[in-house]
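These are my notebook entries on a single chain, kept in the order in which I looked things up.

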Amino acid sequence: MHQSFDREGLLHWYDANARELPWRVSPARRKAGEQPDPYRVWLSEVMLQQTTVSVARDYFLRFCAHWPTVHELAAASREDVLKEWAGLGYYARARNLHACARKIVADFAGGFPRSARKLADLPGIGPYTSAAIAAICYDERIAVVDANVERVISRFLALEKPLNESRPEIRKSVQSLVPERAGDFAQSLMDLGATICRPRGADCEICPLARGCLGRTTPDPARFPLKQKKKARPVRYGHAFVLQRGDNMIWLCKRPEKGLLAGMTGVPVSPWESQFAEVDFPMAGNWMKAGCVAHVFTHFRLELEVWELRGADIDPTLPGWWVPAGDLAEEALPGVFRKVLATAGFE
Ligand code: SF4
């Protein structure tokens, strides 16, 4: 890879084309000796794990206006930090951000540790963020591999594998390439992935890595990295029971407090199993089959046979309560039970 990967050409391209980002020290300023502020790099990297560059930019600027240094952020209340973070989601990150700022002030007098290994001991800083801070701020010769970099290298090497299989190889390849300008190198690969070797297309004609790129010699370089095959979702089968009394009341019940759809409202159901079991009706009566429904949960697909029992004097002995059919819309019914009721004619 070494001979074919034009590292100098890539850095040259970066010198002329680096994106201007509020947390970044441009290659020209970097060459003049300016060092990136680890506080700003850390903030930006944590935000970029949640969102796109354009959204992160606004949040970043607001954070820096409120808390220009790690000392101010550490002194802020957690509520204020969470409030500013609102909209980015995954609040554990914001809590860790705040805890990390406090630790840096308490244990390191406000100075970030200068190696990836030590940075990785801080709250919320994983292998990627520690490598990014150490490379960008201190030029530690360590591979910084984000999704952009994974894509560029997968294409460059035309790796006929999905990322879950090729990650170790990609990391090793990048690690073997890291030059003295480690920070600029990391950012040049990120920028190349964001602007030229993009997720949905590759502008190979203007790419500084075009000469050695194997992906480019194939009919469709954007085919890499290969998509991971989705595991087939298991299917579970069961029966659902809709009871309708003569005065147009429907029988509902509460789901168990543990497990899927815990504590929510539904209709009586059989256990959900790996194949259709013979139906065991919850009470005697003239049950009729209303149809079938399928519903996809995160970890499995559910297929239910829907049975209905209609009669003037139904008196179930199972736990539950009657609800007028016209009021079903106001009940807290999960989607799967709405489908079941619709199959029996109650929308
Ligand atoms: S030559 Fe094309 S496929 Fe290869 S790295 Fe550049 S843009 Fe990506």
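**Entry 1: Gln49.** I looked up the exposure of Gln49 in this predicted model. Gln49 has a relative accessible area of 33%. Since buried would require under 20% and exposed over 50%, I recorded Gln49 as partly exposed. I then located Gln49 in the loop that runs between helix H3 (38-48) and helix H4 (53-66). I also checked its distance to Arg93: the two residues are 44 apart in sequence, and their C-alpha atoms are 9.4 Å apart in space.

**Entry 2: Ser4.** I turned to the segment before helix H1 (7-17), where Ser4 lies. Its relative accessible area is 32%, so I noted Ser4 as partly exposed. I asked how far apart Ser4 and Arg211 are in sequence and in space. The separation is 207 residues in sequence and 7.5 Å from C-alpha to C-alpha.

**Entry 3: domains.** I looked up how the chain is divided, and found domain 1 at 7-223 and domain 2 at 235-343. Between the C-alpha centres of domain 1 and domain 2 I noted a distance of 50 Å.

**Entry 4: the ligand.** Where does the ligand sit? I found the ligand in the largest cavity. I listed the residues around the ligand: Arg155, Ile196, Cys197, Ala202, Cys204, Cys207, Ala210, Cys213, Arg216 and Pro221. I then sorted this shell by class, which gave eight nonpolar residues, two charged residues and no polar ones.

**Entry 5: aromatic pairs.** I searched the whole structure for aromatic pairs and obtained 16. I examined the pair formed by Phe241 and Phe281, whose ring centres are 6.0 Å apart. The planes of these two rings stand at 70°, so I entered the pair as edge-to-face; the cut-off for that class is over 60 degrees. The pair links distant parts of the chain, its members being 40 residues apart. Phe241 belongs to strand S3 (residues 235-245), whereas Phe281 is in the loop between strand S5 (265-266) and strand S6 (288-296).

I next asked whether each partner is buried or exposed. Phe241 is buried, at a relative accessible area of 2%. Phe281 is partly exposed, at 29%. I noted further that Phe241 and Phe281 form one aromatic cluster together with Trp287 and Trp307.

**Entry 6: a cis peptide bond.** I looked up the bond that joins Phe224 and Pro225 and recorded it as cis, with omega at about -5°. Pro225 is in the loop between strand S2 (201-202) and S3.

**Entry 7: positive phi values.** I looked at two residues that have a positive phi although they are not glycine. For Asp139, phi is about 55°. I placed Asp139 in the loop between helix H9 (127-138) and helix H10 (147-156). Its relative accessibility is 26%, so Asp139 counts as partly exposed.

For Asn248, I noted a phi near 65°. Asn248 is in the loop between S3 and strand S4 (249-254). With a relative accessibility of 36%, Asn248 also counts as partly exposed.

Notes. Residues are numbered from 1 along each chain as its sequence is written. This is a predicted model: local features need pLDDT of at least 70, side-chain atom pairs count only at pLDDT 80 or more; totals for chains, interfaces and linings use all residues. Side-chain values use heavy atoms; hydrogens and water are left out. Domain bounds come from an automatic or database domain assignment. A residue is near a molecule or strand if one of its heavy atoms lies within 4 Å of it. On a 1 Å grid over the protein atoms alone, a cavity is a set of points where a 1.4 Å probe fits but cannot get out, and a pocket is an open set with protein on both sides within 12 Å along at least five of seven lines; lining residues have an atom within 4 Å of a point. A molecule sits in a cavity or pocket if more than half of its atoms lie within 2 Å of its grid points. Ala, Val, Leu, Ile, Met, Phe, Trp, Tyr, Cys and Pro count as nonpolar, Asp, Glu, Lys and Arg as charged, and the others, Gly among them, as polar. Rings of Phe, Tyr and Trp (its six-membered ring) pair if their centres lie within 6.5 Å; planes under 30 degrees apart count as stacked, over 60 as edge-to-face and the rest as tilted. Helices (H or I, at least four residues) and strands (E, at least two) are DSSP runs, numbered from the N terminus. Buried means under 20% relative accessible area, exposed over 50%, partly exposed in between (1.4 Å probe, protein chains only).
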